[in-house]
Amino acid sequence: MGSAGLPLMLLLLVGALDRIPGSQGGKETPAHFLAQWKSECRFLNGTRRVRYLYRNFYDREEYLRFDSARGEYEAVTALGKAIAEAWNRDKHELQYRKTGVDAFCRHNYEVFQSGSVIGRRAKPTVSISPTKLDPASPHTILLCIARGFYPVEIEVLWLKNGRPEEEGVAFGEELQNGDWTYQLQVMLETQPQRGDVYTCQVEHASLEAPITVQWEPRSSNSAKSKLWTGIVAAVIGVIFFAMGLSLYLKSKKAIPIQPPAALMN
């Protein structure tokens, strides 16, 4: 930011506060306030994909940001609208902020990579867990769980028969494991049919190639129940048939043989 950039922003900030109903101090500019500026870098696959964020806060609330993916300033709240409009008209300011991807993010990545946690990599382990919220419903919930990965940036994709699935997909938040690794759950709600193949594909900076784990639907519980019922009935039928045959043979042996009447005389 140029030498005039900071005073200009403070002037616009003070002016915006005077125009916003309900801001601290009512119609008057507050005597004391806390203004913060934060630069944030998000890396995926090292420095091949970098996203730079320049974020502005007033009393712990973000009101303005520059996102390199967007290429311009955007107002997060009404407080940042006037500043965003003014800086988006300033070509020199926009060009300066766009250089943050290389001048700030990539440069500092290389500086701190050696001997720091930046260079650390931990490969994720991936598994699929199916469940049913309602046994009578045709819907099945598939959870793709990636565990033990570092850094936090990760991409998880659901595929059905080789095609990406978008409907019914919900992403959880990356959770810290307490050992500098993370875990993530991505849910897919679907109606699996026999022959379908579901794939969870995971890409991460620690991997040379994506990890893929597959899941295929098996027989339903009702079909399994009918199968076991038929097997049990068949076994019971064989047992009763064997018992009946055994009793019949025993009864045949127990009948005495009568001699002819002529011999008895």
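A good place to start is the hairpin that joins strand β12 to strand β13 through 6 residues. Keep in mind as you look that this is a predicted model. Strand β12 covers residues 198-204 and β13 covers residues 211-215, and the two pair in the antiparallel sense over 5 bridges. To see one of these contacts, find Q201, whose bridge partner in β13 is T212.

Now step back to the sheet around this hairpin. It is an open sheet of 4 strands in the order β8-β7-β12-β13, with antiparallel pairing. Its edge strands are β8 (163-164) and β13, each of which pairs on one side only. On the other side of the hairpin's story is β7 (residues 154-160), which pairs with β12 in the antiparallel sense over 7 bridges. Here E155 stands opposite E203 in β12.

Strand β12 also leads us to the disulfides, of which there are 2. One of them joins C144 to C200, with an S to S distance of 1.8 Å. Because C144 lies in strand β6 (residues 140-149) and C200 in strand β12, this pair ties together parts that are 56 residues apart in sequence. Are these cysteines buried or exposed? C144 is buried, at 1% relative accessible area, and C200 is buried too, at 0%.

The disulfide between C41 and C105 has an S to S distance of 2.1 Å. C41 sits in strand β1 (residues 35-44) and C105 in helix α4 (residues 100-113), so the bond links parts 64 residues apart in sequence. C41 is partly exposed, with a relative accessible area of 24%, whereas C105 is buried at 1%. The torsion about this S-S bond is about -85 degrees, so the disulfide is left-handed.

Conventions
Residues numbered from 1 in each chain as written. Predicted model: local features only at pLDDT ≥ 70, side-chain atom pairs only at ≥ 80, totals over all residues. Heavy atoms only, no water. Pairing = 2+ DSSP bridges. Disulfide = S-S within 2.5 Å. Buried < 20%, exposed > 50% of the residue type's maximum accessible area, 1.4 Å probe, protein only.
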